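Trainee: Could you take a close look with me at one part of this protein? I would like to follow a single stretch and see what its residues touch.

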Amino acid sequence: MTGRTSGSMNENGDDMEKPKRKIHTILLGTIVILVIIFINSSLGVIGGEKGKKEESREYAALEEALMRIEGIGEVLLYPHYENGESANPLSDYFSISNASTTKGSKLQGILVVAEGAEDFKIQNELSHILSTVLQLPEHRIVIVEMNKRGNTNENE
């Protein structure tokens, strides 16, 4: 023997411990990388969902503020984004990257359904307010009257 005390020797006198250490090191490194990738991808999804919730809260606050203006009544907002995305939770069901879908997309237009929209003065006021708040040109804001409850047929 040559005086080595650690590891086991094969019949040729080669140390067999080093290849096992390399394999273990490579395996450990691969596992660490996979864990890091998994953590980053799950945080990205959580961040995307958080962004969507934050954005829906902003629209809810805007709806609430608009409802407090005299003559407008109940208001519903339906935003339209550059990529054809909407606030629909199923729109990104098959999407690979959920992290920046609505936050990164540019708002292209908005549909406003309001009870007081039959009055043209209210329509102009809503259009001006939303154009200023959302930084949208007025031609990208569509305002329609909300059906009154119980009146589903306009001919009656």
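Mentor: Happily; what follows is a walk around the end of helix 2 and the loop after it, with some of the surroundings added afterwards.

Please keep in mind that this is a predicted model. To get our bearings, the protein has 2 helices and 3 strands, and from the N terminus on the elements run α-β-β-α-β. Helix 2 covers residues 120-134 and strand 3 covers 141-145, and Gln 135 sits in the loop between the two.

Let us begin with Ser 131, which lies in helix 2. Is Ser 131 buried or exposed? Its relative accessible area is 16%, and because buried means under 20%, Ser 131 counts as buried. What does Ser 131 touch, leaving out residues up to four places away in sequence? The answer is Leu 136, Pro 137, Glu 138 and Ile 141. With Leu 136 there is a polar detail to look for: a polar atom of the Ser 131 side chain lies 2.6 Å from the backbone oxygen of Leu 136.

Now move along to Leu 134. Leaving out residues up to four places away in sequence, Leu 134 touches Tyr 59, Leu 62, Leu 107 and Ile 110. Leu 134 is also one of the residues with the most contacts inside the largest nonpolar core, together with Leu 77, Ile 110, Val 112 and Leu 126. That core has 19 residues, and at least two of them come from each of helix 1 (17-67), strand 1 (75-81), strand 2 (107-114), helix 2 and strand 3. So that you can place this in the whole chain: of the 156 residues of the protein, 22% count as buried under the 20% cut-off.

Next comes Gln 135, in the loop between helix 2 and strand 3. Gln 135 is exposed, with a relative accessible area of 67%. Its backbone deserves a look too: most residues other than glycine have a negative phi. Gln 135, however, has a positive phi of about 55° although it is not a glycine.

Helix 1 is worth a visit as well. Glu 63 is found in helix 1 and is buried, with a relative accessible area of 16%. Not counting residues up to four places away in sequence, Glu 63 touches Val 75, Leu 76 and Leu 77. Of these, Leu 77 is among the residues with the most contacts inside the largest core.

What about Glu 64 and Arg 68? Side chains of opposite charge can pair when their charged atoms come close. Here Arg 68 forms a salt bridge with Glu 64, and the closest N and O atoms are 3.9 Å apart. The count for the protein comes to 1 salt bridge. Arg 68 is exposed at 68% relative accessibility, while Glu 64 is partly exposed at 41%.

Finally, look at Ile 39, which also lies in helix 1. Ile 39 is partly exposed, with a relative accessible area of 41%. Together with Leu 27, Ile 31, Val 35 and Phe 38, Ile 39 forms a nonpolar patch on the surface, with about 480 Å² of accessible area together. As for the protein as a whole, the accessible surface comes to about 11,800 Å², of which 57% belongs to carbon and sulfur atoms.

Definitions and conventions:
Residues numbered from 1 in each chain as written. Predicted model: local features only at pLDDT ≥ 70, side-chain atom pairs only at ≥ 80, totals over all residues. Heavy atoms only, no water. Salt bridge = Lys/Arg side-chain N within 4 Å of Asp/Glu carboxyl O. Buried < 20%, exposed > 50% of the residue type's maximum accessible area, 1.4 Å probe, protein only. Core = buried A, V, L, I, M, F, W, Y, C linked by side-chain atoms within 4.5 Å. Helix = DSSP H or I, 4+ residues; strand = E, 2+ residues; numbered from the N terminus. Contact = heavy atoms within 4.5 Å. Polar contact = N/O pair within 3.5 Å; in protein donor to acceptor, adjacent residues only side chain to side chain. Patch = residues over 30% accessible without salt bridge, like charges linked within 9 Å, V, L, I, M, F, W, Y side chains within 5 Å. Areas by Shrake-Rupley, 256 points an atom, 1.4 Å probe, with all protein chains shown as cover.
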